[in-house]
Every structure is written in structure tokens, then in C-alpha cells.
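Me: I should like to learn how to read salt bridges in a protein model. Could you guide me through them?

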Amino acid sequence: MSEEALAWLKELLSGTGISYAFGLWLEEPVPDPYWVGEKEEDPPESEDGLQECSILLTGTGTSLYRLEQDRERIRTLHESRGILKNGSGVALFYDGSFPVPVDQPGLQRLQVNLLLKEWRI
């Protein structure tokens with residue numbers, strides 16, 4: 001997955017008011033809730049230039065209700081499409097969610113699964 005596609009995803013999430021970082025949250029203060037993304041790519045890129053990537057967003061906060069509100073905003077991005085500056089096409093698909101057990105009192109976690117497709121030229 002290209003850096004441009006990951007930047008496009010960050011822009012989409014930020015546009016909905018989601019506090020998001022890829023890999024690790026590094027900013028202070030830490031918002032409540034905040035979301036961290038990671039990716040898992042399907043190898044290799046297909047003949048037509050398609051590269052599929054599973055995006056796992058993990059939200060952490062003090063309220064499961066607020067995490068669910070964010071999840072709903074993320075869900076509205078289903079089937080978002082765009083053309084990147086490098087000419088590649090991208091599409092984002094919502095692929096479900098589930099609560100993640102946390103062993104720290106007062107914290108809640110929710111995972112949202114997305115599928116990001118990029119057609120490179």
C-alpha cells in the first residue's frame with residue numbers, strides 16, 4: 001500500500017472528526033477516544049495493478065458509547081473512492097467491528113476493520 005493511500009485514509013478519518021494515527025499514537029495530550037491503525041497487505045499486487053490491504057483501527061477511550069459513535073462515523077466512509085496525486089485509484093470498504101477486551105479498569109477498546117483497495121498505474 002502506498003504512502004499516498006495511507007495519507008488519503010488519514011485525511012478521510014480526520015474529516016469525520018476521528019483522532020487517528022498510523023502505527024502508534026505519539027501526540028500529547030492523548031484525546032479520548034483515539035484511534036490507531038495498522039495494516040495487513042495481501043501479496044502480491046495483481047495483474048491489473050490492484051493491491052488490497054486490511055486496515056485494522058483500534059479505538060481506545062473511557063466510553064464504549066463514544067467509541068461506538070466514532071465507529072458509526074467510520075462506517076459512513078463505506079465505499080469512499082478517490083484518485084491520488086500519483087494517479088492511482090483508491091476505494092475504502094467497511095468490514096465490521098468488535099469490542100476488544102481490556103485488562104485496565106476504566107478503559108474500553110473497539111476494533112474496526114476496513115478494506116482499502118488501491119489500483120496503481
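Reply: Let us begin with one residue in this predicted model. Glu72 has a relative accessibility of 29% and is therefore partly exposed. Salt bridges with shared partners connect Glu72 with Glu68, Arg71 and Arg75 in one network.

Me: What is the general idea behind such pairing, and how many salt bridges are there?

Reply: Side chains can pair if they carry opposite charge and their charged atoms come close. In this structure the count comes to 8 salt bridges.

Me: Which residue meets Glu72 in a salt bridge at 2.4 Å?

Reply: The partner is Arg75, with 2.4 Å from N to O. Glu72 and Arg75 both lie in helix 2, 3 residues apart, so about one helical turn separates them. Arg75 is partly exposed, at 34% relative accessibility.

Me: Are Arg73 and Asp70 buried or partly exposed?

Reply: Arg73, at 34% relative accessibility, is partly exposed. Asp70 has only 5%, and buried means under 20%, so Asp70 counts as buried. These two residues form a salt bridge, in which the closest N and O atoms are 2.1 Å apart. They are 3 residues apart in helix 2 (residues 64-75), which means a separation of about one helical turn.

Me: Where do Lys117 and Glu52, which also form a salt bridge, lie in the chain?

Reply: Their side chains meet at 3.3 Å, N to O. This pair links distant parts of the chain: Lys117 belongs to strand 6 (residues 108-119) and Glu52 to strand 3 (residues 50-61), 65 residues apart. Glu52 is partly exposed, its relative accessible area being 23%.

Conventions
Residues are numbered from 1 along each chain as its sequence is written. This is a predicted model: local features need pLDDT of at least 70, side-chain atom pairs count only at pLDDT 80 or more; totals for chains, interfaces and linings use all residues. Side-chain values use heavy atoms; hydrogens and water are left out. A salt bridge is a side-chain nitrogen of Lys or Arg within 4 Å of a carboxyl oxygen of Asp or Glu. Helices (H or I, at least four residues) and strands (E, at least two) are DSSP runs, numbered from the N terminus. Buried means under 20% relative accessible area, exposed over 50%, partly exposed in between (1.4 Å probe, protein chains only).
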